Amino acid sequence: MTFKLRRLALAAAIGVAAVQAVGSQVHAQGPVDDEADPVFVFNKVCYSQVPSIGAIRDMATRLAWQALEKTDLKPFSPDPNPEVLEGWDVQVGKKFFRLGLVRTAVSDKFKQTFPDFADGTATSCTLVLDGGSDAAKVSEGMQKLAGKEPASKDVPDGEFRTTTWAGGNENFKVFLISKAAAAGETGLLNVTILAKAK
């Protein structure tokens, strides 16, 4: 999956008080607020939730995340007609993130690779990181989260390098993706889950 990224001026778009609850929750259960670990946040709001869209929506409502405008959502979906396309700006301590949630039909590429999933859905959750995330530390955290070696590592993708972990079973296929800028900063973390049609 390819995402068009640009530097996000999140600080200007979000009020500090809008999502203080997120910072409190992370502080109580993980890294301190101003040192928010991006992989911890990604696991909390994306990886441990997908493919449940309702769980992420509930979290967004409960923690008062700022909903994104339609124009800000476009980079999150390569499909022009997704079943679900939602997103929020999220502040954890002093760090700012942008979260995108997408559900689409399975792409032609995935259909070719996984024909048993052709009639299913693809649910994707992406966390765009702020400019201060060290790619090496994030990569180490993602490696621990995945619990296995990546299927591909540091594959050139425009101005980014992409590392992908793959897994799953007969009912689900799971892909973890980390995109890092050439400058050594991480651009985004993504989990995409293919689910068979019910």
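**Figure 1. Where β4 meets β8.** Eight bridges hook β4 up to β8, and the two strands run antiparallel. Strands here, like helices, are DSSP runs numbered from the N terminus (E and at least two residues for strands, H or I and at least four for helices), and two strands pair if DSSP finds at least two bridges between them. One bridge to look for is Thr-121, whose partner in β8 is Ala-195. On its other pairing, β8 goes with β7, again antiparallel, over nine bridges; there, Lys-173 sits opposite Leu-194 of β8. Ten of the ten β8 residues are buried, so the rest of the structure largely encloses this strand. "Buried" is under 20% relative accessible area, "exposed" is over 50%, and "partly exposed" is in between, using a 1.4 Å probe and protein chains only.

A word on the model before going on: this is a predicted structure, where local features need pLDDT of at least 70 and side-chain atom pairs count only at pLDDT 80 or more, while totals for chains, interfaces and linings use all residues. Residues are numbered from 1 along each chain as its sequence is written, and side-chain values use heavy atoms, with hydrogens and water left out.

**Figure 2. The whole sheet, strand by strand.** The chain has seven helices and eight strands. An open sheet of eight strands, paired antiparallel, reads β1-β2-β3-β4-β8-β7-β6-β5. At the edges are β1 (66-67) and β5 (152-157), each with pairing on one side only. Zooming out to the chain's 198 residues, 43% are buried. Of the contacts (heavy atoms within 4.5 Å) with a separation of 6 or more, 57% are between residues 24 or more positions apart.

**Figure 3. The β2-β3 hairpin and its next neighbour.** Strand β2 (residues 84-92) and strand β3 (residues 95-105) run antiparallel and share nine bridges. Asp-89 has Arg-98 of β3 as its bridge partner, and Val-92 is matched with Lys-95 in β3. The two strands form a hairpin with two residues between them, and Gly-93 in the turn has a positive phi of about 60 degrees. Strand β3 also pairs with β4, antiparallel over eight bridges. In that pairing, Arg-98 has Val-128 of β4 as its bridge partner. Most of β3 is covered, with ten of its eleven residues buried.

**Figure 4. Helices on the sheet.** In the β2-β3 part of the sheet, nine bridges join the two strands. Helix α4 (residues 53-62) packs on the sheet and touches β2, β3 and β4 (121-128), its direction making about 40 degrees with that of β2. Helix α7 also packs on the sheet, touching β6 (160-168), β7 (172-181) and β8 (186-195), and its direction makes about 170 degrees with that of β7. For these angles, axes are lines fitted to C-alpha atoms (for helices, over the stretch in contact), and values run from 0 to 180 degrees between N-to-C directions.

**Figure 5. Helix α3 against helix α7.** Helix α3 (residues 38-47) and helix α7 (residues 135-146) pack at about 45 degrees, with axes 9 Å apart. That makes α3 oblique to α7, given that under 35 degrees is roughly parallel, over 145 roughly antiparallel, 65 to 115 roughly perpendicular and the rest oblique. From α3, the contact uses Pro-38, Val-39, Phe-42, Asn-43 and Tyr-47, and from α7 it uses Val-138, Gly-141, Met-142 and Leu-145. By class, the α3-α7 contact has seven nonpolar, two polar and no charged residues. Nonpolar covers Ala, Val, Leu, Ile, Met, Phe, Trp, Tyr, Cys and Pro; charged covers Asp, Glu, Lys and Arg; the others, Gly among them, are polar.

**Figure 6. The Cys-46 to Cys-125 disulfide.** With a disulfide taken as a pair of cysteine sulfur atoms within 2.5 Å, the count is one. The link joins Cys-46 to Cys-125, S to S 2.0 Å. Cys-46 belongs to helix α3 and Cys-125 to strand β4, so to speak distant parts of the chain, 79 residues apart. The link is left-handed, with -60 degrees about the S-S bond, and both cysteines, Cys-46 and Cys-125, are buried.

**Figure 7. Backbone oddities.** Val-50 and Pro-51 are joined by a cis peptide bond with omega about 10 degrees, and Pro-51 is in the loop between α3 and α4. Ala-64, in the loop between α4 and β1, has a positive phi near 55 degrees without being a glycine. Ala-64 is partly exposed, at 41% relative accessible area. Asp-154, in strand β5, is also not a glycine and has a positive phi of about 50 degrees; with 37% relative accessibility, Asp-154 is partly exposed.
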